[in-house]
Amino acid sequence: MYIPSILSLLTYPATYGLSAWIANSNDVRMLYLVPTRLARDVYTAASIVADYKLSLGRLEGEARAQALEDCHQRGAERLLQLCFANGGVYTKLGQHIGQL
């Protein structure tokens, strides 16, 4: 019985301290941005892969070349929209990739 009392006495100040730190910290923004950006990244990558798989299928010859070119264009547009949506370093990364 004595141990739970000590744990509860330690839990309250720790919870209060953590809450105060989160409320006064600029890192709170990161708690939202990181998962949101990661979700956008995963969704965009999955949609690009699915587009290639579904568009190319069993095409051959000139039809495949045209479908591949179209997939490249759609993928580039998706990546551009991802960079704009995520902002920050993604915009700079997009500028550098565009120079290649």
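In what order do the elements of the protein chain run from the N terminus on? They run α-α-α-α. The chain has four helices and zero strands. The model is a predicted one, and confidence should be looked at before any detail is read.

The protein chain averages a pLDDT of 79, with 70% of the residues scoring at least 70. That confidence is not spread evenly over the elements: helix α1 (residues 2-23) has the lowest mean pLDDT, 60, and helix α3 (residues 61-86) has the highest, 91. Where pLDDT is low, the predicted coordinates should not be read in detail.

Helix α3 is therefore taken up next, as the element with the highest mean pLDDT. Its 26 residues, at 1.5 Å a residue, should span 38 Å, and the end C-alpha atoms of α3 lie 37 Å apart, so the expected and modelled spans agree. The buried residues of α3 are A67, C71, G75, L82, C83 and N86. After α3 comes G87, which has a positive phi near 65 degrees.

Two of the residues named in that buried set reappear when helix α2 (residues 28-56) is examined, through I48, which is found in α2. I48 counts as buried because its relative accessibility is 15%, and the cut-off for burial is under 20%. Leaving aside residues up to four places away in sequence, I48 touches G75, R78 and L79. Of these, G75 is listed among the buried residues of α3. Another buried residue of α3, C71, is 23 residues from I48 along the chain, and the C-alpha atoms of I48 and C71 are separated by 8.0 Å.

Helix α4 (residues 89-98) contains L93. Is L93 buried, exposed or partly exposed? With a relative accessible area of 46%, L93 is partly exposed, because that value falls between the 20% limit for buried and the 50% limit for exposed. L93, I97 and L100 together make a nonpolar surface patch of about 360 Å².

The remaining values describe the chain as a whole. Buried residues make up 18% of the 100 residues in the protein chain. The accessible surface comes to about 8,200 Å², and carbon and sulfur atoms account for 66% of that surface. Among contacts between residues at least 6 apart in sequence, 49% join residues at least 24 apart.

Technical notes
Residues numbered from 1 in each chain as written. Predicted model: local features only at pLDDT ≥ 70, side-chain atom pairs only at ≥ 80, totals over all residues. Heavy atoms only, no water. Patch = residues over 30% accessible without salt bridge, like charges linked within 9 Å, V, L, I, M, F, W, Y side chains within 5 Å. Areas by Shrake-Rupley, 256 points an atom, 1.4 Å probe, with all protein chains shown as cover. Salt bridge = Lys/Arg side-chain N within 4 Å of Asp/Glu carboxyl O. Buried < 20%, exposed > 50% of the residue type's maximum accessible area, 1.4 Å probe, protein only. pLDDT = per-residue confidence, 0-100. Expected span 1.5 Å × (residues − 1). Contact = heavy atoms within 4.5 Å.
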